[in-house]
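I opened a fresh notebook page for this two-chain model. Here is what I looked up, in the order I got to it.

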Amino acid sequence: MVGVARKHLDLIGGQHVPVAAVSTAFPSGRASMPVKIQDTQDAIDAGAAEIDMVIDRGAFLAGRYIDVFNEIVQIRQVCGDKAHLKVIFETGELVTYDNVRKASFLAMAAGADFIKTSTGKVAPAATPPVVLVMLEAVRDFYEMTQVRIGVKPAGGIRNTKDAIKQLVLVNETVGPDWLNPKLFRIGASALLNDLLMQRMKMDDGYYTSPQYVTMD
Amino acid sequence: METTMTFEYDPAPESRAIVTIKPKYGHFIAGKFVAGSKHFPTINPANEEVLSQIALAGKADVDAAVKAARKAYTNTWSKMSGKERGKYLYRIARIMQERAREFAVLETLDNGKPIRESRDTDIPLAAAHFFYHAGWADKLEYAGLGTSPKPLGVAGQIIPWNFPLLMLAWKVAPALAAGNTVVLKPAESTPLTALLFAEVCQQAELPAGVVNIVTGDGSTGALIVNHPGIDKIAFTGSTEVGKIIARAVAPTNKSVTLELGGKAANIVFDDAPIDETVEGIVNGIFFNQGHVCCAGSRLLLQENVAEEVLHKLKNRMEKIRVGDPMDKNTDVGAINSKEQLAKIIELAAVGDSEGAERWSPECKLPSKGFWFAPTIFTGVTQAHRIAREEIFGPVLSVLTFRTPAEAIEKANNTPFGLSAGIWSEKGSRTLWASQQLRAGVIWANTFNKFDPTSPFGGYKESGWGREGGRHGLAAYLKGVSHE
């Protein structure tokens with residue numbers, strides 16, 4: 001699918017739009033390391049400029065942090081400088097804020113460009129407290145290393161008001177430098193519809209039924 | 001960062017349309033509003049606007065209020081069953097909830113505290129105190145205070161300006177539940193919500209004279225304290241005034257509870273969760289502009305994390321929004337009065353002159369009204385006045401310690417003992433420290449949490465007696481151990 005997307009983007013003049021691919025046996029992360037590496041390599045060969053890997057939650061919850069760390073390091077090596085690496089935690093499975101903070105540092109130290117809350121397959125996902133914990137980790141990592149890591153909340157942000165709350169969290173925790181798509185993104189397809197509906201309301205004064213916007 | 005946006009917040013003001021403030025108020029005696037003779041203004045401390053003229057109660061007014069309270073006590077309230085009294089308290093609680101927004105707006109206008117706090121803390125807690133004590137009214141014989149505890153009679157209650165309606169609730173709800181009647185005096189600078197509460201008493205059809213409210217200044221308070229027709233004095237305010245009251249009632253039969261000043265130690269051990277701790281420090285000292293008797297005004301940091309905590313605290317303080325109390329995004333509002341502002345400025349200047357280092361975030365303060373930026377002093381020692389005296393403003397004194405024993409020694413080295421905070425993720429350390437601290441309320445990994453079921457009060461010069469919970473009932477009933 002990465003190849004298909006790349007080809008069509010190029011056809012319609014979207015050369016500047018990068019293609020992102022989920023990888024490493026998304027969403028469960030339950031596959032052997034050679035499979036995960038090949039999965040990533042295939043996506044990059046097909047033109048993916050961004051890789052969204054998932055961590056092995058089974059290993060993490062069993063306390064095998066070094067395995068989780070090594071997996072991220074290896075995928076980072078596959079990405080090289082060809083692809084941007086996002087590391088998905090699936091915070092709904094990590095459950096505690098302590099785990100979220102631990103996973104954040106693990107991923108940042110292993111070379112992630114972005115840390116991302118969720119696959120979108122598990123609820124709860126990008127709740128404001130979880131995003132706050134990740135932003136605090138990013139802020140502390142920046143103070144230690146001067147390296148800016150991006151944050152991507154994904155899943156559960158369904159309307160414009162929720163999105164504004166996320167932007168306020170970013171602004172007040174890591175500061176306005178992060179209010180930039182290179183460092184902060186929201187993954188939420190339902191949100192887009194609400195944004196469109198809010199735009200329509202600004203034009204004609206009515207908040208319409210969702211049937212007037214497309215589902216995908 | 002080429003596409004970085006600036007993210008400005010628009011004002012989000014609460015409307016004041018819900019309240020109707022009369023140009024002039026009288027006293028509430030025997031169920032009716034009666035005109036006063038002399039008046040003084042009450043102002044909005046955020047812009048110095050005169051909100052209303054308030055009656056100054058003299059001897060005749062206090063006599064009338066005490067007489068009405070005695071009559072209601074003898075003829076009605078002490079004879080009524082606990083179950084019936086409870087019904088009135090439930091009714092008052094429900095009306096307070098129904099009119100919560102009105103109370104919140106009025107409180108913020110008269111006091112200067114942020115609407116977020118009056119709306120989310122003061123008013124809901126005030127209603128909760130009435131609900132809680134309503135439940136006790138018919139169960140007093142099961143409170144562990146003897147088989148048939150009896151009310152004391154007429155209670156004279158004098159309350160402060162920092163949580164006007166909430167302090168009214170702390171005093172009136174247990175008094176009424178136990179079968180007493182009251183003469184209450186709200187603070188000179190914040191009488192409006194008490195007067196709105198008087199309307200609630202009428203709306204609830206509370207029998208005339210059970211609650212009487214007289215407004216005035218310290219002279220009115222003295223008339224209540226020295227009135228021979230009063231059986232019990234309940235006071236919340238400064239230790240200075242508390243001592244005057246204690247002397248005045250010493251040769252009388254009056255029972256007394258005093259809730260006075262504090263200089264709480266907020267102790268941060270090196271295993272504390274730092275980000276949460278920073279939130280707790282901010283809440284501890286900047287909540288309600290630091291006008292909190294149990295404020296965490298002395299921060300004790302373990303030396304090996306002191307730098308990190310201060311760095312994060314300063315970053316956090318940069319984000320505090322100081323300004324229009326009616327704005328729903330405001331964190332810190334106006335200082336309650338010109339006098340209080342002068343006191344804060346004076347003590348902060350003493351901090352400078354005694355060699356502590358002052359720091360405040362950059363913040364633009366409104367030109368009118370009474371304002372003081374959130375401030376911390378570092379390099380403070382136990383000998384500094386800002387470590388010993390209650391500032392009652394948004395000023396934090398920061399000290400350090402090296403061992404847990406030193407932390408406890410410093411924390412307890414004060415004439416006060418109202419509250420304390422402990423920050424640590426180690427349960428055994430928290431439990432050990434809480435047993436060493438000489439303070440009436442101890443919070444662990446949180447601060448400024450209040451609940452009507454929990455007794456509140458101090459050790460040493462922070463006061464006598466408890467308010468709230470089962471222990472608080474003892475202050476309004478006969479036949480208990482302290483008599």
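I began in chain B, where strand β16 (residues 419–423) and β17(B) pair in the parallel sense over four bridges. For my own bookkeeping, helices (H or I, at least four residues) and strands (E, at least two) are DSSP runs, numbered from the N terminus, and two strands pair if DSSP finds at least two bridges between them. Across this pairing, Ala420(B) sits opposite Ile442(B) of β17(B).

Before going on, I noted that this is a predicted model, in which local features need pLDDT of at least 70 and side-chain atom pairs count only at pLDDT 80 or more, while totals for chains, interfaces and linings use all residues. Residues are numbered from 1 along each chain as its sequence is written, chains are lettered from A and ligands numbered from 1 in the order in which they are written, and side-chain values use heavy atoms, with hydrogens and water left out.

Which residues of β17(B) are buried (under 20% relative accessible area, 1.4 Å probe, protein chains only; exposed is over 50%, partly exposed in between)? I found that Val441(B) and Trp443(B) are, pointing to one face, while Ile442(B) and Ala444(B) point to the other and are not. That fits the rule that side chains in a regular strand alternate between the two faces of the sheet.

Next I checked helix α6 of chain B, residues 192–203. From first C-alpha to last it reaches 17 Å, close to the 16 Å expected for its 12 residues (1.5 Å times one less than the number of residues). Nine of the 12 are buried, among them Leu192(B), Phe197(B) and Cys201(B). Just after α6(B), I spotted a positive phi of about 55 degrees at Glu205(B).

In chain A, I traced an open sheet of five strands, ordered β1-β2-β3-β4-β5 with parallel pairing. Its edge strands, β1 (20–23) and β5 (150–152), each pair on one side only. Inside it, five bridges join β2 (residues 50–54) to β3 (residues 84–88), and Met53(A) faces Val87(A) there.

Last came the contact (heavy atoms within 4.5 Å), which takes 18 residues from chain A and 13 from chain B. The buried area (accessible area, 1.4 Å probe, lost on putting the two parts together, summed over both) is about 1300 Å², with 47% from carbon and sulfur atoms. On the chain A side, Glu172(A), Leu179(A) and Asn180(A) lose the most area, together 35% of what that side buries.

How many salt bridges (side-chain nitrogen of Lys or Arg within 4 Å of a carboxyl oxygen of Asp or Glu) link the chains? I counted four; Asp275(B) and Arg139(A) meet in a salt bridge at 2.6 Å, N to O.
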